[in-house]
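Biologist: I am new to this structure and would like a close look at a single part. Please start from one residue and work outward from there.

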Amino acid sequence: MKVAIVGAGIGGLTLALELHDAGLDCELYEAAPRLRPVGVGINVLPHATKILARLGLEEPLAAVAVTTRESAFFNRFGQLIYREPAGRLAGYEHPQFSVHRGDLHAVLASAVTARLGPARLNLDHACTGVTQDEDGATLAFRSTSADRPLPPARADVVIACDGIHSRLRGQLHPGEGPPLYCGVNMWRGTAVHAPFLTGATMTRAGWLATGKMVIYPIRDDIDGHGNQLINWVAEIETPQHADRDWNRQGQLADFIGAFADWHFDWLDVPALITSSAEILEYPMTDQDPLSHWTHGRLTLLGDAAHPMVPRGSNGAGQAILDARALRHALATIADPATALRAYEAERLPATAKVVRANRATPPDAILREVWQRTGDRPFTRIEDVIDPGELRAISDRYKDVAGYSHEALGNL
Ligand SMILES: Cc1cc2nc3c(=O)[nH]c(=O)nc-3n(C[C@H](O)[C@H](O)[C@H](O)COP(=O)(O)OP(=O)(O)OC[C@H]3O[C@@H](n4cnc5c(N)ncnc54)[C@H](O)[C@@H]3O)c2cc1C
């Protein structure tokens, strides 16, 4: 069986490695003329690291990422609300990594090139559509750099891993409306800074109504003096937002006011933000779960299938879980269309739950609870505001839904 993978992002590259590992033939088609380290920070949680470790990638990832030690939540006065250990320190078999998307992408891409050979990764191939007949599928392409048609390709099945602007999702669901803006705009950046807290803490602080920050290190000792590359995301409720573009430049003046007095004893947040070389802006959007991903020999994977608001560190993780499930279906079911339907039956309902949980009860619901109960004021003792058991329950519920509770990992 020949599998065509459209899109060499996190999901497409992981799928190529899975299929190769299962002895299945596959070829990748990527719109970008060359692979560049784009994006900023991503967290890879223990469900996804389990899959990547099975593919032999734990060591190369550990070499470029920060191995996350804990997840910690603060109010906008810098007071600690809740903290819990992460990865192996939380008893998982595999670590949690906080990593630059470009570094994760580079680890996957170099494994694909080494194992499948560079000829299997066709760059500058933007897929413009897929047609099907009894014997297979035909993919049409345009060169992104030269803006001209390229020769078509044939395959038995086509997997659309073409991200949030998926052309092939549009082909399957032409009537779908625009992405849904959830009312929160984000500004993102990276800065060089000395380690703070444990030196490997994933930090969430404040709340969306007045301004929330997510801050964590993604590269260790980047200058020989022990400084780290720190990833930060500022999130503020506002009706104003631009279109979805991972590379859109943002303006400091549009959001810095919300964090101007965040001078905590564990981190000076405005100093961190203002020392960043570049600021990117991105609206928090998602799309309603689809009724189906599969039409005959074509199916969707990753963000093309289930774009979600980035509030649970699960965008990359769910794409990696999709890849694992699809490998299993294609390796065990001979008929391509039946295999794709089996994959969809497993992953569509599971990811729809994550999309909905990210809207309503992601881990940062911990911050919302405390914000509401304190009326956005400092507290004397967190135990007087909320039982720590309740906070742990919010975190644990999300792990169940997203598939990285200890029980869920046993079945992976
Ligand atoms: C430039 C960029 C920056 C990002 N930055 C962040 C970030 O900072 N933080 C974060 O949490 N997430 C970020 N993401 C999203 C994150 O990578 C995804 O949520 C997650 O990894 C899911 O992976 P995916 O493979 O479904 O999609 P992606 O990793 O987005 O990969 C999709 C791939 O498909 C390619 N493609 C698109 N259309 C076509 C086409 N018609 N034909 C062929 N190829 C096509 C794209 O060029 C891309 O390589 C970014 C994605 C991109 C593309």
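Where is Ser313 found, in terms of the loop and the elements on each side of that loop?

Modeller: Ser313 is found in the loop between strand 18 (298-300) and helix 7. Helices (H or I, at least four residues) and strands (E, at least two) are DSSP runs, numbered from the N terminus. This is a predicted model, in which local features need pLDDT of at least 70, side-chain atom pairs count only at pLDDT 80 or more, and totals for chains, interfaces and linings use all residues. Residues are numbered from 1 along each chain as its sequence is written, and side-chain values use heavy atoms, with hydrogens and water left out.

Ser313 has a positive phi of about 55 degrees, although it is not a glycine. It is also buried, at a relative accessible area of 18%. Buried means under 20% relative accessible area, exposed over 50%, and partly exposed in between (1.4 Å probe, protein chains only).

Now step from the loop to helix 7. This helix spans 315-332 and supplies at least two residues of the shell around the ligand. Helix 1 (10-21), strand 3 (41-44) and strand 9 (126-133) each do so too. In total, 29 residues surround the ligand (a heavy atom within 4 Å of it). The closest are Gly11, Glu30, Arg101, Arg188 and Asp303. By class, the shell has 14 nonpolar, ten polar and five charged residues. Here Ala, Val, Leu, Ile, Met, Phe, Trp, Tyr, Cys and Pro count as nonpolar, Asp, Glu, Lys and Arg as charged, and the others, Gly among them, as polar.

Three atom pairs show how the ligand is held in view. An oxygen atom of the ligand is 2.7 Å from a polar backbone atom of Gly11. A polar side-chain atom of Arg101 lies 2.6 Å from an oxygen atom of the ligand. A nitrogen atom of the ligand is 2.9 Å from a polar backbone atom of Cys127. Taken alone, the ligand exposes 930 Å², and the protein buries 84% of that. These areas come from the Shrake-Rupley method with a 1.4 Å probe.

Helix 7 has another role in the picture. The largest nonpolar core has 67 residues, and among those with the most contacts inside it are Leu139, Val158 and Leu330. Helix 7 gives the largest share of this core, eight residues. A nonpolar core is a set of buried Ala, Val, Leu, Ile, Met, Phe, Trp, Tyr and Cys residues joined through side-chain atoms within 4.5 Å. In soluble globular proteins, nonpolar side chains tend to be buried together.

Leu139 links the core back to the ligand site. Leaving aside neighbours within four places in sequence, Leu139 is in contact (heavy atoms within 4.5 Å) with residues including Ala4, Val6, Cys127 and Val158. Cys127 was met above, with a polar backbone atom 2.9 Å from a ligand nitrogen. A second, separate core of 27 residues includes Ile81, Tyr82, Ile218 and Phe379.

Finally, compare Ser313 with Asp124. Asp124 sits in the loop between strand 8 (121-122) and strand 9. Its phi is near 60 degrees, a positive value in a residue other than glycine. Asp124 is buried, with a relative accessible area of 16%. Ser313, too, is buried, and the loop that holds Ser313 leads to helix 7.

Conventions
A polar contact is a pair of N or O atoms within 3.5 Å; within protein, one must be able to donate a hydrogen and the other to accept it, and residues adjacent in sequence count only if both atoms are side-chain atoms.
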